[in-house]
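Morning, everyone. I have one structure for you today, and we will walk through it piece by piece. Please have a look at the screen.

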Amino acid sequence: MSIDLRVRYDSDTRREAARLFAMGYGYGPVSSMMSLPEDTVRKWLYTFRAVGLEGLLNMGKVQARYSWELKCAAARAVVEGELTVVEAMAAYGVASRSPLNRWCKLYREGGPEALRPKPKGRPKGASSAPAKLTREQELERRIQKLEAENAYLKKSIALKAEKRSRTVRRPRP
């Protein structure tokens with residue numbers, strides 16, 4: 001049986017935190033009652049407010065995909081001051097602050113077009129065959145290759161001759 005090491009707290013712990021959130025407690029009291037780090041409980045509270053109990057329980061298991069329109073609308077609302085980050089998370093169903101903060105940064109720097117999906121992987125033209133060379137270009141390339149080979153052989157012969165001259169024993173006088 002494999003254990004998902006990314007999830008530090010089981011669903012029962014998160015369910016108990018959600019029950020306390022629903023009762024009106026904030027992240028500070030809940031973290032004290034459950035002896036959990038405040039940062040962790042704060043993230044849980046934001047997620048609970050944004051996507052509810054199911055989103056909190058599925059945290060870390062499913063990576064959400066958001067459309068370009070949703071990203072633009074959420075980032076625009078936060079950047080223009082209509083909503084706070086937490087309110088935008090709840091209004092648009094974004095489960096985490098991290099992507100929303102990243103979208104806001106991109107929106108400020110490049111506008112809505114900065115949020116468009118980028119193509120993944122290697123560009124299509126990268127693996128295409130080289131263009132056909134003319135006969136003259138082929139011959140020039142062959143000449144360069146032969147000249148390099150010739151220079152290598154000359155250097156090799158010179159090094160061997162130098163090595164032989166060093167190792168030759170000279171008669172003692």
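How many helices and how many strands does the protein chain have? The secondary structure comes to 7 helices and 0 strands. Read along the sequence, the pattern is α-α-α-α-α-α-α.

A word on confidence. This is a predicted model. The protein chain averages a pLDDT of 84, and 88% of the residues score at least 70. Among the elements, helix H7, residues 135–167, has the highest mean pLDDT, at 92. Helix H3, residues 38–57, has the lowest, at 82.

Now some totals. The protein chain has 173 residues, and buried residues make up 22% of them. Next, take the contacts with a separation of 6 or more. Residues 24 or more positions apart account for 53% of those.

Let's go to the start of the chain. Tyr9 sits in the segment before H1. Its relative accessible area is 24%, so Tyr9 is partly exposed. The cut-off for buried is under 20%. What does Tyr9 contact, leaving aside its neighbours within four places in sequence? The answer is Arg14, Leu36, Pro37, Thr40 and Trp44. Take Leu36 from that list. Tyr9 and Leu36 are 27 residues apart along the chain, and their C-alpha atoms are separated by 9.7 Å.

Next, helix H1, residues 11–22, and its contact with H3. The two axes come within 10 Å and cross at roughly 100°. That angle lies between 65 and 115 degrees, so H1 is roughly perpendicular to H3. Which residues make the contact? From H1 come Ser11, Thr13, Arg14, Arg15, Ala17, Ala18, Phe21 and Ala22. From H3 come Val41, Trp44, Leu45, Phe48, Leu53, Leu56 and Leu57. By class, they divide into 11 nonpolar, 2 polar and 2 charged.

On to helix H2, residues 27–34. Which of its residues are buried? They are Gly28, Val30, Ser31 and Met34. Here is a general point to keep in mind. An α-helix has 3.6 residues a turn, so residues three or four places apart point the same way. And what do the buried residues of H2 pack against? They pack against H1 and H3.

Let me pick out Met34. Met34 is at 19% relative accessibility, and buried means under 20%, so Met34 counts as buried. Leaving aside neighbours within four places in sequence, Met34 is in contact with Thr13, Glu16, Ala17 and Leu20. Look at Ala17 in particular. Met34 and Ala17 are 17 residues apart along the chain. Their C-alpha atoms are separated by 7.9 Å.

Step just past H2 and you reach Ser35. Ser35 is in the loop between H2 and H3. Is Ser35 buried or exposed? Ser35 is exposed, because its relative accessible area is 66% and the cut-off for exposed is over 50%. There is something else to see here. Ser35 takes a positive phi of about 55°, although it is not a glycine.

Now the cores. The largest nonpolar core has 16 residues. Which of them have the most contacts inside it? Those are Ala75, Val78, Met89, Leu100, Trp103 and Leu115. Four elements give two or more residues to this core: H3, helix H4 (68–79), helix H5 (85–92) and helix H6 (97–110). Apart from this core lies another, of 12 residues. Leu20, Val30, Trp44 and Phe48 are among them.

Stay with Val78 for a moment. Not counting residues up to four places away in sequence, Val78 touches Leu83, Thr84, Val85, Ala88, Leu100 and Cys104.

One last pair: H5 and H6. Their axes come within 10 Å and cross at roughly 110°. That is inside the 65 to 115 degree range, so H5 and H6 are roughly perpendicular to each other. Who meets whom? Val85, Val86, Ala88 and Met89 in H5 meet Arg97, Leu100 and Asn101 in H6. By class, this contact has 5 nonpolar, 1 polar and 1 charged residues.

To recap: 7 helices, 0 strands. The largest nonpolar core has 16 residues, and another, apart from it, has 12. Thanks, that's me done.

Technical notes:
Residues numbered from 1 in each chain as written. Predicted model: local features only at pLDDT ≥ 70, side-chain atom pairs only at ≥ 80, totals over all residues. Heavy atoms only, no water. pLDDT = per-residue confidence, 0-100. Core = buried A, V, L, I, M, F, W, Y, C linked by side-chain atoms within 4.5 Å. Buried < 20%, exposed > 50% of the residue type's maximum accessible area, 1.4 Å probe, protein only. Contact = heavy atoms within 4.5 Å. Axes fitted to C-alpha atoms, helices over the stretch in contact; angles between N-to-C directions. Parallel < 35°, antiparallel > 145°, perpendicular 65-115°, else oblique. Nonpolar A, V, L, I, M, F, W, Y, C, P; charged D, E, K, R; others polar.
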